[in-house]
Amino acid sequence: MITRKALPRRTFLRGMGTAVALPFLDAMTPALASSKVASPVRMAFVYVPNGIDMRHWNPAYEGPLGELPRILKPLESFKNDITLLSNLTHNNGRALLDGAGDHGRCCASYLTGMHPRKSAVEIKNGISMDQIVAREAGKATRFPSLEIGMEDARQAGDCDSGYSCAYTNNLAWASETQPLPPVLDPRALFERLFGKGAELSPEARVREGKFRRSILDFVMGDAAKLQSTLGPTDRRKLDEYLTSIRAIEQQIAKAEQDNAQIDPKMEKPYGVPADFAEHFKLMTDMATVAFQADLTRVMTFLVTREGSSRAYREIGIPDGHHPLTHHKNDPAMMEKVAQINTYHVRQFAGWIEKLRSVKEGDGNLLDQSMIVYGAGLSDGNRHLHEDLPTLVAGRGAGAILPGRRIVYRRETPMSNLFLTMMDTMGVRNIEHFGDSTGRVEPLNLA
Amino acid sequence: MQLTGRPPSGVALDCDLGARPGTPLAVEILFALDQKSECRVISMATTRSHLHSAAYLDAVYRFYSGTGPFVRPLPVGMALKGPADPLPHLEKALQRHNHEIQRLADTADPYAVLRNAFTTQFDGNGLAILCGPATNFAKVLDLPGSRELIALKCKLMVAAIDDTRRAADPAAAERLMAEWPSPLVICEWEGRLPAAAVAADHPSGLAEPADAELPGRDAAAILAAVRPNEPYFRYSGEGRRRTVTIDPAQQDRAIMAMVELANAKPQPRTAPPKRPV
């Protein structure tokens, strides 16, 4: 007779002010369950600014993915895990008589499908699709959604030709007037995920840092107790998971050490690594853990703010990103833009690899996810809002048949894709979103 | 026109190009008016579900606009359901004139392009022209917010819709008459245009039957939309639903205007002049 009692999905390892959620373990499946417990679908958006050099993004073919264009080369070993979508458009990102300000508009409309009000003070946009999903999917998780980023969380001021910084610096909008600013500092994100839920001030971080130990030290007692009740597979899973949390902690500590010379009172986030790739990895490592432990199922990642003029000295490009994209067909400038685009995709590939390495059920975490990578402009030089570069990584728990390029008809609203994605996330009562004209076909149709 | 401070009216054209003679020529007249800055074609769509129909619209656009960095993108909407029989007369024109529509993905969702066209216009600056069944425009009314948008942006629809086109989609025709939010004028002129209206080196030179008079209803509808106050137009009815025809006594004048427009040579746009330093 089988009497094993399943471990609740919402089990936490607890310690002083710390609660570490667990990944999905076999022990969480009821022994007599007639069918396997379905893992949830996770959804994330990774947004890069200033458009992408489409000459090196779009393959010359549609259908099964063959040789990938230059910018997508870092994803070569993930060809069977990605889907390229072409010809999606955001009409509401266009000027529509509002004049200059494509960077402000394209970021604001990206997940809302709405035409934002042109103002540096009185902001008005729409609710973003991730937040619509978060209202449903978020009922089951500790955080309805997570918003992360890597640059400039200013919410006030004019960031693009009369458009508020709220438009260029946020992807997620909880209401027409309430953007959800991304968390930039890895320490703040870590503490949000595993600490008391409070983001500490830089001074407090310095103070706490003096006697900070690993959060795992606080929960070791609980962990040891749990380990003794688990089978060998779950023990290995738990061990890998806790090791990855420890690795994140160590990376953050290293970044803080590197930044120790910086005055903690200055506005720059204290634990932000100076190196772009390191910062990206830290943020996405935590995103992986958040998905793995089902802390959230919805995430937005604004890699850098729209219109960003960040220089990429890491790859030998001292010029600002945004000025480079207005290249006026200068081959040298275009080359640098393509290098930045490729560099971004390389970091993204690192995250995809990580998600694919995490086992969940019969597959892996990537199989359970829909990770959209894209931009609100296609050609950053001419500020085009059609054929937006869009890539979906993952299988969405069977909702996506990856490994191919789908070319939609021109001017197909991006909002149509969002409606289909909302269906996959279990939000089925929405008939219209943004400027949608319907839904795109389910992405698992051959 | 530039001195008035108001941009030319933006035209959203929906047609059944390829279904009958006269429409290819009418589309050229529309682009000739665009070239004279009397209007600006902001979207085109076809109710025929045939790539040749969409490709021909693209070919005419490129014939008048040329190529280069100053040519604005103008996606062509094409219905997925609708008559799809071969159009050999259009094929001949397409073999000779450039276009960029080779496959379905090169066409656009007709409802999106027709709706989006109005979003680009100042209030009351949009024009809708229908030279085909009412299917596409009626469907646009189903998109949330589109009625309010059209009421705000579209000053007039002129429809060259006759019994044949009504019969092609009677429900849509009825709905358009009842629900289209802007004033609507039905063009009833049944006159014909001389063979001389067709210029041999234009796309219509191959798309229209040779040396034959052509039905002029579509061309008249386009002219009535863009030049509604020409003295040769006779309106009847009152309110938001009226009809228009051409005064028989002034018919020659109207035909001459259409022939001149149809024969206008394309003048590709050039770069805007540099500002003096």
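Colleague: Which residue stands opposite A:T300 in β11(A)?
Modeller: That is A:E147. Bear in mind that this is a predicted model. A:E147 sits in strand β6, residues 146-149 of chain A, as the numbering shows.

Colleague: How many bridges join β6 of chain A to β11(A), and which way do the strands run?
Modeller: There are 4 bridges between β6 and β11(A), and the two strands run parallel.

Colleague: And β3 of chain A, how many bridges join that strand to β11(A)?
Modeller: Strand β3, residues 42-47, is joined to β11(A) by 5 bridges, and this pair runs parallel. Across that pairing, A:V46 stands opposite A:F301, and A:Y47 stands opposite A:L302.

Colleague: What is the strand order in the sheet?
Modeller: The order in chain A is β4-β18-β5-β17-β16-β3-β11-β6. Those 8 strands form an open sheet with mixed pairing.

Colleague: Which strands stand at the edges?
Modeller: The edge strands are β4 (63-64) and β6 of chain A. Each has a single partner strand, so one side of each lacks a neighbour in the sheet.

Colleague: Back to β11(A). How many of its residues are buried?
Modeller: For β11(A), residues 298-302, the count is 5 of 5, and the strand is mostly covered.

Colleague: Which residues are on which side of β11(A)?
Modeller: A:V298, A:T300 and A:L302 are on one side, with A:M299 and A:F301 on the other. Both faces are covered, and the residues on each are all buried. In a regular strand, side chains alternate between the two faces of the sheet.

Colleague: Which helix in chain A is largely enclosed by the rest of the structure?
Modeller: One such helix is α11, residues 414-424: 10 of its 11 residues are buried, so the rest of the structure largely encloses it. The buried ones include A:M414, A:L417, A:F418 and A:M421. A:N416 and A:D423 are also among the buried residues of α11(A).

Colleague: What comes just after α11(A)?
Modeller: A:G426, with a positive phi of about 90°.

Colleague: Which residues other than glycine have positive phi?
Modeller: A:L97 is one of them, with phi near 80°. A:H383 is another, with phi near 55°.

Colleague: Where are those two, and are they buried or exposed?
Modeller: A:L97 is in the loop between β5 (82-89) and α1 (102-110) of chain A. A:L97 is partly exposed, at 36% relative accessible area. A:H383 lies in the loop between β16 and β17 of chain A. A:H383 has a relative accessible area of 19% and counts as buried, because the cut-off for buried is under 20%.

Colleague: Where is A:H385, and is that residue buried or exposed?
Modeller: A:H385 is in the loop between β16 (369-374) and β17 (390-393) of chain A. Its relative accessible area is 3%, so A:H385 is buried.

Colleague: What does the side chain of A:H385 make a polar contact with?
Modeller: With the side chain of A:D102, at 2.7 Å. Setting aside neighbours within four places in sequence, the residues in contact with A:H385 include A:H90, A:R94, A:C106 and A:G376.

Colleague: Switching to the interface. How many residues of chain B are in contact with chain A?
Modeller: 23 residues of chain B, in contact with 16 residues of chain A. The two chains bury about 1,700 Å² between them, with 53% of that on carbon and sulfur atoms.

Colleague: How many salt bridges does the rule find across the interface, and which side chains meet?
Modeller: It finds 1 salt bridge. The side chains of A:E62 and B:R103 meet there, at 2.6 Å from N to O. Between the chains, 11 residue pairs are in polar contact, both residues being at pLDDT 80 or more.

Colleague: Which element of chain B gives the most to that side?
Modeller: Helix α4 of chain B, residues 110-119, gives the most, with 6 residues. By class, the side of chain B that touches chain A has 13 nonpolar, 5 polar and 5 charged residues.

Colleague: Last one: where is B:C131 found, and is that residue buried or exposed?
Modeller: B:C131 is in strand β4 of chain B, residues 126-131. B:C131 counts as buried, at 2% relative accessibility. Its C-alpha is 6.5 Å from that of B:D16, although the two are 115 residues apart along the chain. Beyond neighbours within four places in sequence, B:C131 is in contact with residues including B:C15, B:R165 and B:D218.

Technical notes: Residues numbered from 1 in each chain as written. Chains lettered and ligands numbered in written order. Predicted model: local features only at pLDDT ≥ 70, side-chain atom pairs only at ≥ 80, totals over all residues. Heavy atoms only, no water. Contact = heavy atoms within 4.5 Å. Buried area = accessible area lost by both parts, 1.4 Å probe. Salt bridge = Lys/Arg side-chain N within 4 Å of Asp/Glu carboxyl O. Polar contact = N/O pair within 3.5 Å; in protein donor to acceptor, adjacent residues only side chain to side chain. Nonpolar A, V, L, I, M, F, W, Y, C, P; charged D, E, K, R; others polar. Buried < 20%, exposed > 50% of the residue type's maximum accessible area, 1.4 Å probe, protein only. Pairing = 2+ DSSP bridges.
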